[in-house]
Protein chains: 2
Amino acid sequence: MENNQPALDGVFHALADPTRRAVIEQLGRSPATVSELAVPFDMALPSFMKHIGVLEDSGLISSKKVGRVRTCQIKQKTLTEAETWLEEQRAVWEGRADRLAAYVENLSSDEELS
Amino acid sequence: MENNQPALDGVFHALADPTRRAVIEQLGRSPATVSELAVPFDMALPSFMKHIGVLEDSGLISSKKVGRVRTCQIKQKTLTEAETWLEEQRAVWEGRADRLAAYVENLSSDEELS
DNA sequence: TTGATTGTTTTCCATATGGCTAAGTATAGG
DNA sequence: CCTATACTTAGCCATATGGAAAACAATCAA
């Protein structure tokens, strides 16, 4: 199991903001232009563009400008990488029920972690 | 589909750091004390404690102090909430193959998003 | 060609983040 | 009681983040 996935830093950071998660939700339904995506948010365009930039840097979306219009789409693969990390963690703790039981045996019975 | 899950802000933010992800991986194997967890990291304890604090605030771990020793354990449920959000996103884009196809029809065939 | 649209660039700001050192507290052990 | 252990608290610092306003491009449409 490798320890360092620097790409995940950017992916999780990008997801740690409600505006950006909402953009991901929207792009999950279909590609869209920057101004279409910006409509629901009470935010100046340059501020919104920063979010788009964070999403694109993280690899969660890609975009291409045609004429004046920049169209964005989701990159499923990157979303899947985050999902995979979480699934790996689940695998870890699901696979250690035995060790946990052993650990609990060594605690006095009324000393529970809150 | 609800739009605002403020808890996810903290969860994804907590996961956006390699130190904290490594702590989660370790706690997936078994509960551990702060100093046990800190061993692999070349970092002053107060700095490390901040990471523990971020993890605990996010709900990804819980901890309890007994005597001088603070023992931490993972909170699977919170990890699962993040996983669930990602799975919901997958559901969205897996359920829209038809709409995507329709959208692509409207693009000139050589205008592909990079 | 003249506007209106659709971004983009620049500059600025307040706050958060991730690290440090130094000094403090509280218990377990001898 | 004294000391070592295991955190905690309190400051400090540099950089990143999320927001704003203002001014600049570039293109499409009449």
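Two strands count as paired here if DSSP finds at least two bridges between them, and strands themselves (E, at least two residues) are, like helices (H or I, at least four), DSSP runs numbered from the N terminus. With that in hand, a good place to start is Ala32(A), which stands opposite Cys72(A) in strand 3 of chain A.

The model is a predicted one, so local features need pLDDT of at least 70 and side-chain atom pairs count only at pLDDT 80 or more, while totals for chains, interfaces and linings use all residues. Residues are numbered from 1 along each chain as its sequence is written, chains are lettered from A and ligands numbered from 1 in the order in which they are written, and side-chain values use heavy atoms, with hydrogens and water left out.

Chain A holds 6 helices and 3 strands. Read from the N terminus, these elements come in the order α-α-β-α-α-β-β-α-α. Of the 114 residues in chain A, 40% are buried, meaning under 20% relative accessible area (over 50% is exposed, in between is partly exposed; 1.4 Å probe, protein chains only). The accessible surface of chain A, from the Shrake-Rupley method with a 1.4 Å probe, is about 6,300 Å², and carbon and sulfur atoms supply 50% of it. Taking contacts (heavy atoms within 4.5 Å) between residues at least 6 apart in the sequence of chain A, 52% link residues at least 24 apart.

The 3 strands of chain A make an open, antiparallel sheet in the order 1-3-2. Strand 1 (32-33) and strand 2 (61-66) of chain A are at the edges with a single partner strand each, so each has one side without a neighbour in the sheet. Strand 1 of chain A is joined to strand 3 (residues 69-74) by 2 bridges, again antiparallel. Besides the Ala32(A) pair, Thr33(A) has Thr71(A) as its bridge partner in strand 3 of chain A. On the other side, strands 2 and 3 of chain A pair antiparallel over 6 bridges, and there Lys64(A) sits opposite Thr71(A). These two strands form a hairpin with 2 residues between them, and Gly67(A) in the turn has a positive phi of about 65°. Helix 2 of chain A lies across strands 1, 2 and 3 of chain A, at about 90° to strand 3; axes are lines fitted to C-alpha atoms, for helices over the stretch in contact, with angles from 0 to 180 degrees between N-to-C directions.

Chain B has an open sheet of 3 strands in the order 1-3-2, with antiparallel pairing. In strand 3 of chain B, Gln73(B) is opposite Ser62(B). Helix 2 (residues 18-29) of chain B lies across strands 1, 2 and 3 of chain B. The axes of helix 2 and helix 4 (residues 45-58) of chain B come within 10 Å and cross at roughly 70°. That makes the two helices of chain B roughly perpendicular (65 to 115 degrees; under 35 is roughly parallel, over 145 roughly antiparallel, the rest oblique). Residues that meet here include Val23(B) and Ile24(B) from helix 2 and Phe48(B) and Leu55(B) from helix 4 of chain B.

What about the two chains together? Helix 2 (residues 18-29) of chain A packs on helix 5 (residues 76-94) of chain B at about 30°, with axes 7 Å apart. That makes helix 2 of chain A roughly parallel to helix 5 of chain B. Among the residues meeting there are Arg21(A) and Ile24(A) on one helix, with Trp85(B) and Trp93(B) on the other.
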